[in-house]
Amino acid sequence: MHKSPLSLAAVVFLVAPHALAAEHTVTMAGSTYEPARINAAVGDTIRFVNDDTATHDVFVPTAGYALDLGAQEPGEEIVLTLRKAGAFEVECVFHSHMLTVVEVE
Ligand SMILES: [Cu+2]
(Lines give C-alpha, C1' and ligand atoms only; values in the text may rest on other atoms or scores of the structure.)
Protein backbone atom coordinates (compact mmCIF):
# COMPACT_ATOMS: atom_id res chain seq x y z
CA MET A 1 0.00 0.00 0.00
CA HIS A 2 1.13 3.54 -0.65
CA LYS A 3 -0.40 6.82 0.41
CA SER A 4 -2.14 8.83 -2.25
CA PRO A 5 -1.03 12.45 -2.76
CA LEU A 6 -4.39 13.52 -1.36
CA SER A 7 -3.90 11.85 2.03
CA LEU A 8 -0.36 13.23 2.32
CA ALA A 9 -1.69 16.73 1.77
CA ALA A 10 -4.31 16.17 4.45
CA VAL A 11 -1.64 15.13 6.96
CA VAL A 12 0.45 18.22 6.23
CA PHE A 13 -2.59 20.43 6.71
CA LEU A 14 -3.39 18.85 10.08
CA VAL A 15 0.04 19.51 11.60
CA ALA A 16 0.36 23.15 10.51
CA PRO A 17 0.25 25.69 11.93
CA HIS A 18 -1.67 25.35 15.20
CA ALA A 19 -0.07 22.09 16.30
CA LEU A 20 3.26 23.94 16.33
CA ALA A 21 2.33 26.11 19.32
CA ALA A 22 4.76 25.25 22.09
CA GLU A 23 4.45 25.33 25.84
CA HIS A 24 7.41 26.77 27.72
CA THR A 25 7.93 26.20 31.42
CA VAL A 26 9.44 28.68 33.86
CA THR A 27 10.28 27.51 37.36
CA MET A 28 10.96 29.66 40.45
CA ALA A 29 12.98 27.51 42.87
CA GLY A 30 15.49 29.52 44.90
CA SER A 31 13.71 32.76 43.97
CA THR A 32 15.06 32.50 40.43
CA TYR A 33 13.10 32.32 37.21
CA GLU A 34 14.52 29.46 35.17
CA PRO A 35 15.26 29.89 32.33
CA ALA A 36 16.27 33.57 32.37
CA ARG A 37 15.44 33.95 28.70
CA ILE A 38 12.68 32.43 26.57
CA ASN A 39 12.38 32.51 22.81
CA ALA A 40 8.80 31.83 21.83
CA ALA A 41 6.26 32.40 19.08
CA VAL A 42 2.83 34.00 19.02
CA GLY A 43 0.33 31.39 20.19
CA ASP A 44 2.80 29.67 22.49
CA THR A 45 2.09 29.43 26.19
CA ILE A 46 4.33 29.87 29.20
CA ARG A 47 3.58 27.81 32.30
CA PHE A 48 4.93 29.56 35.40
CA VAL A 49 5.46 26.95 38.10
CA ASN A 50 6.11 28.06 41.66
CA ASP A 51 8.24 25.13 42.79
CA ASP A 52 9.77 27.25 45.55
CA THR A 53 8.89 27.66 49.25
CA ALA A 54 8.23 31.40 48.88
CA THR A 55 5.34 33.31 47.33
CA HIS A 56 6.20 34.77 43.94
CA ASP A 57 4.48 36.74 41.22
CA VAL A 58 4.46 37.25 37.47
CA PHE A 59 4.67 40.98 36.87
CA VAL A 60 5.36 42.51 33.45
CA PRO A 61 6.36 46.21 33.54
CA THR A 62 7.13 46.47 29.81
CA ALA A 63 4.94 49.06 28.05
CA GLY A 64 2.39 47.41 25.80
CA TYR A 65 2.60 44.10 27.66
CA ALA A 66 1.96 45.25 31.23
CA LEU A 67 0.23 42.77 33.48
CA ASP A 68 0.33 41.46 37.01
CA LEU A 69 -0.92 37.94 37.57
CA GLY A 70 -0.90 38.40 41.34
CA ALA A 71 0.58 36.41 44.20
CA GLN A 72 1.46 32.85 43.28
CA GLU A 73 1.78 30.51 46.23
CA PRO A 74 4.16 27.53 46.38
CA GLY A 75 2.76 24.67 44.29
CA GLU A 76 0.62 26.92 42.11
CA GLU A 77 0.91 27.18 38.35
CA ILE A 78 -0.18 29.94 36.00
CA VAL A 79 -0.37 29.66 32.22
CA LEU A 80 0.16 32.74 30.08
CA THR A 81 -0.71 32.73 26.36
CA LEU A 82 1.51 34.88 24.13
CA ARG A 83 -0.74 36.89 21.84
CA LYS A 84 1.60 39.37 20.15
CA ALA A 85 5.16 39.56 18.93
CA GLY A 86 7.80 41.56 20.73
CA ALA A 87 9.85 41.32 23.88
CA PHE A 88 8.98 41.86 27.51
CA GLU A 89 10.45 41.37 30.96
CA VAL A 90 8.90 39.33 33.74
CA GLU A 91 9.68 40.39 37.28
CA CYS A 92 8.51 39.38 40.74
CA VAL A 93 7.07 42.18 42.87
CA PHE A 94 8.33 40.44 46.03
CA HIS A 95 11.91 39.78 44.90
CA SER A 96 13.35 42.58 42.77
CA HIS A 97 16.29 40.47 41.55
CA MET A 98 14.02 37.95 39.81
CA LEU A 99 13.95 38.46 36.06
CA THR A 100 13.27 36.55 32.89
CA VAL A 101 13.09 38.02 29.41
CA VAL A 102 10.56 36.70 26.91
CA GLU A 103 11.06 37.24 23.20
CA VAL A 104 8.05 36.46 21.01
CA GLU A 105 8.43 36.08 17.24
CU1 LIG B 1 9.47 36.24 44.01
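## A strand pair and its hairpin

In strand β5, Ala71 is the bridge partner of Asp57. This pairing comes from a predicted model. Strand β4 covers residues 56-60, and strand β5 covers residues 67-72. The two run antiparallel and are joined by 4 bridges. Together β4 and β5 form a hairpin, with 6 residues between them. Gly64 sits in the turn and has a positive phi of about 90 degrees.

Leu67 belongs to strand β5. Leu67 counts as partly exposed because its relative accessibility is 26%, and buried would need a value under 20%. Leaving aside residues up to four places away in sequence, Leu67 touches Val58, Phe59, Val60 and Leu80. The C-alpha atoms of Leu67 and Val90 are separated by 9.3 Å. Along the chain, those two residues are 23 residues apart.

## The chain as a whole

The chain has 1 helix and 8 strands. Read along the sequence, the pattern is α-β-β-β-β-β-β-β-β. The helix comes at the start of that pattern, and the strands follow.

The chain has 105 residues, and 30% of them count as buried. Now take the contacts with a separation of 6 or more. Residues 24 or more positions apart account for 50% of these.

## The copper site

Which residues hold the protein donors of the copper ion? They are His56 (ND1), Cys92 (SG), His95 (ND1) and Met98 (SD). These donors lie 2.0 to 2.7 Å from the ion. In sequence, the donor residues follow the spacing H-x35-C-x2-H-x2-M.

Why is the arrangement irregular? The 4 donor atoms subtend angles of 88 to 138 degrees around the copper ion. A tetrahedral label needs all angles between 85 and 135 degrees, so the range of 88 to 138 degrees does not fit that label. Cys92, one of the donor residues, is buried because its relative accessible area is 4%.

## Two aromatic pairs

The structure holds 2 aromatic pairs. In one, the ring centres of Tyr33 and Phe48 are 6.5 Å apart. Their planes meet at 70 degrees, so this pair is edge-to-face. Tyr33 lies in the loop between β1 (23-27) and β2 (37-40), while Phe48 lies in strand β3 (residues 45-49). The pair therefore ties together parts that are 15 residues apart in sequence. Tyr33 and Phe48 are both buried.

Tyr65 and Phe88 form a stacked pair. Their centres are 5.3 Å apart, with 25 degrees between the planes. This pair links distant parts of the chain, 23 residues apart. Tyr65 is in the loop between β4 and β5, and Phe88 is in strand β7 (residues 86-91). Tyr65 and Phe88 are both buried. Lys84 also lies over the face of Tyr65, at 4.6 Å from the ring centre.

## Two faces of strand β6

In a regular strand, side chains alternate between the two faces of the sheet. Strand β6 (residues 77-81) shows this alternation. Ile78 and Leu80 point to one face and are buried. Glu77, Val79 and Thr81 point to the other face and are not buried.

Which way do β3 and β6 run? They run antiparallel, and 5 bridges join them. Within this pairing, Arg47 stands opposite Val79 in β6.

## The loop between β1 and β2

Most residues other than glycine have a negative phi, and most peptide bonds are trans. Ser31 has a positive phi, near 55 degrees, and is not a glycine. Ser31 lies in the loop between β1 and β2. Ser31 counts as buried because its relative accessibility is 14%.

Pro35 lies in the loop between β1 and β2 as well. A cis peptide bond joins Glu34 and Pro35, with omega about 5 degrees.

## Strand β8

Leu99 lies in strand β8 (residues 99-104). Is Leu99 buried or partly exposed? Leu99 is partly exposed, because its relative accessible area is 37%.

Not counting residues up to four places away in sequence, Leu99 touches Tyr33, Ala36, Glu89, Val90 and Glu91. Leu99 and Phe59 are 40 residues apart along the chain. Their C-alpha atoms are separated by 9.7 Å.

Definitions and conventions
Residues are numbered from 1 along each chain as its sequence is written. This is a predicted model: local features need pLDDT of at least 70, side-chain atom pairs count only at pLDDT 80 or more; totals for chains, interfaces and linings use all residues. Side-chain values use heavy atoms; hydrogens and water are left out. Donors are N, O and S atoms within 2.8 Å of the metal (3.2 Å for Na, K and Ca); water is not among the atoms, so sites may look incomplete. Four donors count as tetrahedral if all angles lie between 85 and 135 degrees; four count as square planar and six as octahedral if opposite donors are over 155 degrees apart and all others between 65 and 115; anything else is irregular. Buried means under 20% relative accessible area, exposed over 50%, partly exposed in between (1.4 Å probe, protein chains only). Two strands pair if DSSP finds at least two bridges between them. Rings of Phe, Tyr and Trp (its six-membered ring) pair if their centres lie within 6.5 Å; planes under 30 degrees apart count as stacked, over 60 as edge-to-face and the rest as tilted. A charge sits over a ring if NZ of Lys or CZ of Arg is within 6 Å of the ring centre and within 35 degrees of the ring normal. Contact means heavy atoms within 4.5 Å.
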